[in-house]
Amino acid sequence: MASKPADATATGGGGVAVVHDSAAAGEAEVYRSELTPLQKHVAFFDRNKDGIIYPSETYEGFRAIGAGVVLSAVSAVFINGGLGPKTIPENTKTGLKLPIYVKNIHKGKHGSDSGVYDANGRFVPEKFEEIFKKHAHTRPDALTDKELKELLQSNREPKDFKGWLGGFTEWKVLYYLCKDKDGFLHKDTVRAVYDGSLFAKMEQEKQSAKKK
């Protein structure tokens with residue numbers, strides 16, 4: 001697992017040791033300015049906020065939102081293996097670590113998607129609303145498993161097999177983790193995925209449930 005940077009200790013006036021918060025001291029430059037919605041979406045998995053998401057962090061993030069060991073492990077390999085190489089800056093050697101660079105996550109966008117994120121990772125409200133206008137037949141504010149399959153089918157671009165697999169995996173995992181007891185994936189939940197707020201909320205709910 002990627003280790004977090006150690007707390008930096010400095011000597012203040014009078015020889016008093018001052019311990020600085022490691023997260024603040026080691027926070028990556030990407031977090032010092034406004035993130036795009038797509039960057040917010042993936043930033044949850046950057047557990048130490050160094051701007052780079054390693055497979056161990058993806059695994060940790062999935063476990064934090066309630067995914068099982070197998071799903072978390074498979075997701076880490078699939079996501080980092082598929083997105084990582086596209087986001088690595090030029091002339092940067094990473095070996096087989098499969099890092100995802102948050103700053104460049106827009107470069108990892110696959111085809112056959114919903115178009116809710118544009119080429120720069122910005123949220124496109126019209127495309128989001130289109131999902132439910134076209135495919136939410138049972139309820140206007142939610143998708144069933146069947147309607148989700150219809151959505152995936154309509155997004156498919158010819159011979160874009162990697163895009164098909166990417167879209168299928170993302171939506172199916174979301175549906176598996178977030179559908180309600182009646183099998184509906186709610187619009188508010190999907191919106192929260194796109195704006196980057198869902199995963200933190202799921203982690204908090206899981207932690208609260210443990211304390212009960």
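What volume does the largest pocket have? In this predicted model, the largest pocket has a volume of about 1000 Å³. Its lining comprises 48 residues, and those closest to the pocket centre are H41, L83, H110, G166 and E170.

**The largest pocket**

Several helices contribute to this lining. At least two residues each come from α2 (37–43), α3 (55–64), α4 (69–87), α6 (145–155), α7 (161–178), α8 (187–195) and α9 (198–211). Helix α7 provides the largest share, namely twelve residues. Sorted by class, the lining of the largest pocket consists of 26 nonpolar, 16 polar and six charged residues.

Where does the largest pocket lie with respect to domain 1 and domain 2? Residues of the lining are drawn both from domain 1 (27–108) and from domain 2 (110–207), and the largest pocket therefore lies between them.

**The second largest pocket**

The second largest pocket holds about 170 Å³ of space. Its lining is formed by A28, E29, V30, G51, P89, Y101, K103 and N104. By class, these are four nonpolar, two polar and two charged residues.

**Three lysines**

The report now turns to individual residues. The table gives the relative accessible area of three lysines and the exposure class of each.

| Residue | Relative accessible area | Class |
|---|---|---|
| K49 | 26% | partly exposed |
| K149 | 48% | partly exposed |
| K159 | 73% | exposed |

The classes follow from two cut-offs: a residue is buried under 20% relative accessible area and exposed over 50%, and partly exposed in between. With a value of 48%, K149 therefore counts as partly exposed. K159, at 73%, is over the 50% bound and is therefore exposed.

K149 is part of helix α6. Its C-alpha atom is separated by 9.1 Å from that of K172, a residue 23 positions away along the chain.

The other two lysines of the table are located in loops. K49 belongs to the loop between α2 and β3 (52–53), and K159 to the loop between α6 and α7. Which sign does phi take in K159? Phi of K159 is positive, at about 60°, although this residue is not a glycine. K49 likewise is a residue other than glycine with a positive phi, in this case near 55°.

Key:
Residues numbered from 1 in each chain as written. Predicted model: local features only at pLDDT ≥ 70, side-chain atom pairs only at ≥ 80, totals over all residues. Heavy atoms only, no water. 1 Å grid on protein atoms, 1.4 Å probe; cavity = no way out; pocket = protein on both sides within 12 Å on 5 of 7 lines; lining within 4 Å. Points joined across faces, edges and corners; volume = space filled by probe spheres on them. Helix = DSSP H or I, 4+ residues; strand = E, 2+ residues; numbered from the N terminus. Nonpolar A, V, L, I, M, F, W, Y, C, P; charged D, E, K, R; others polar. Domains from an automatic or database assignment. Buried < 20%, exposed > 50% of the residue type's maximum accessible area, 1.4 Å probe, protein only.
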